[in-house]
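Got the viewer open? Let's take a short walk through this one, selecting as we go.

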Amino acid sequence: MGAVREFAPAKVNLGLRVTGRRPDGYHTLESLFVPLSLGDEITVTRTEPPGITLAVDGDPLVPDDETNLAWRAARAFLDASGATGGVALRIQKRIPAPGGLGGGSSDAGSVLRALAALEPGRVPPVRLEALALTLGADVPYFLKPVAALVEGIGEQITPVAGVAPLWLSLAHPGKTLSTPAVFAAFDAAAASGSPDSLTASDPRPTIRRLLALRGQDARTGFFDEPRAAGWTQLLGNDLESAAISLCPEVAELREEFEATQALAVGMSGSGPTVYGIYSEEEGARRAAGHIEGRTGFRTWVVRTAP
Ligand code: C5P
């Protein structure tokens, strides 16, 4: 039976606004998602025996059972498609997990992409998108990971042209940070009137508005140099204070990145990965060396994926 290899890119959030809270507790967001050159590699093979097998290489902390989102994605596809037989998955992990870089969601999106290619026509695209959303708010994005404005809880996706190429230096403090805990800390702070709250008197400019203002700097394909302040505004993440309350290393990393030549510094998703943006590879490499020397935390130098 057929096999497909997929690259499962990490994503970075270039800015994140919390725009509301739904009755089911999920938060509506506005964020610019950009795929990175860093990613996991996944092999998806259809097997004659029913059932799912999963092997994970490269990260002993990532589960290789039915609690892995990639495993659940394969199960959901088999159930929805009515296809007989099973699926064998092999994942080479490279994305730090969990880190706010979408590692688990990207693996799940890749499994759905691969199975849709192996079983064409069995699950219509609209059904596949709905199925992805049942697995996690970020999974629909990873069905087609291109630079995009993402709204709703993750299901409203509008591709954005002209973001590549950027160099980023990423740093992870080696601690896990649970997404629900960060949202809970955000809600608790909002209830006591934090400046990041939904009712803040001076909220950050919306990402839609900043994208409309954007110029086309030749080096970054993004903000013109005189508008470099646009970067700092864009990259604001409404979840950062909540993440810092649970993981103070995020603030330490921000401070260290700010001492480099970064165009701007941000936190991805619900953290704890912090990044600096550079127009050249060398700047990103120098920053990574600086951060490792100062903090001992792990760093990655990555490009935005074309
Ligand atoms: O969908 P996912 O499994 O990634 O979300 C994990 C948890 O994070 C949710 O149960 C919810 O508590 C929180 N979350 C949220 N709003 C989002 C995404 C996640 O409140 N847009």
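Select R46 and E119 and show their side chains: the two make a polar contact at 2.7 Å. Keep in mind as you look that this is a predicted model.

Stay on R46 and colour strand 2, residues 27-47, which is where R46 sits. Is R46 buried or exposed? Turn on the surface to check: R46 counts as buried because its relative accessibility is 6%, below the 20% cut-off. To see what packs around R46, leave out the neighbours within four places in sequence and pick its contacts, which include M1, G2, L78, the run A83, T84, G85, G86 and V87, and also L115, L118 and E119.

Next stop, the cavity. The structure has one cavity of 30 Å³ or more, and the volume of the largest cavity is about 40 Å³. Select L29, S31, F33, D138, V150, E151, G152, I153 and G154 to light up its lining. Strand 2 and strand 5 (148-152) are the elements that each supply two or more of those lining residues. Colour the lining by class and you get four nonpolar, three polar and two charged residues.

Last, the ligand. Which residues surround it? Select G25, Y26, H27, L29, G136, A137, I153, T179, P180 and F183. Now zoom in on the ligand's oxygen atoms. A side-chain N or O atom of H27 is 2.7 Å from a ligand oxygen, and a polar side-chain atom of Y26 lies 2.9 Å from a ligand oxygen. For A137, switch on the backbone: a polar atom there is 2.9 Å from an oxygen of the ligand.

Notes
Residues numbered from 1 in each chain as written. Predicted model: local features only at pLDDT ≥ 70, side-chain atom pairs only at ≥ 80, totals over all residues. Heavy atoms only, no water. Helix = DSSP H or I, 4+ residues; strand = E, 2+ residues; numbered from the N terminus. Buried < 20%, exposed > 50% of the residue type's maximum accessible area, 1.4 Å probe, protein only. Polar contact = N/O pair within 3.5 Å; in protein donor to acceptor, adjacent residues only side chain to side chain. Contact = heavy atoms within 4.5 Å. 1 Å grid on protein atoms, 1.4 Å probe; cavity = no way out; pocket = protein on both sides within 12 Å on 5 of 7 lines; lining within 4 Å. Points joined across faces, edges and corners; volume = space filled by probe spheres on them. Nonpolar A, V, L, I, M, F, W, Y, C, P; charged D, E, K, R; others polar. Near = heavy atom within 4 Å.
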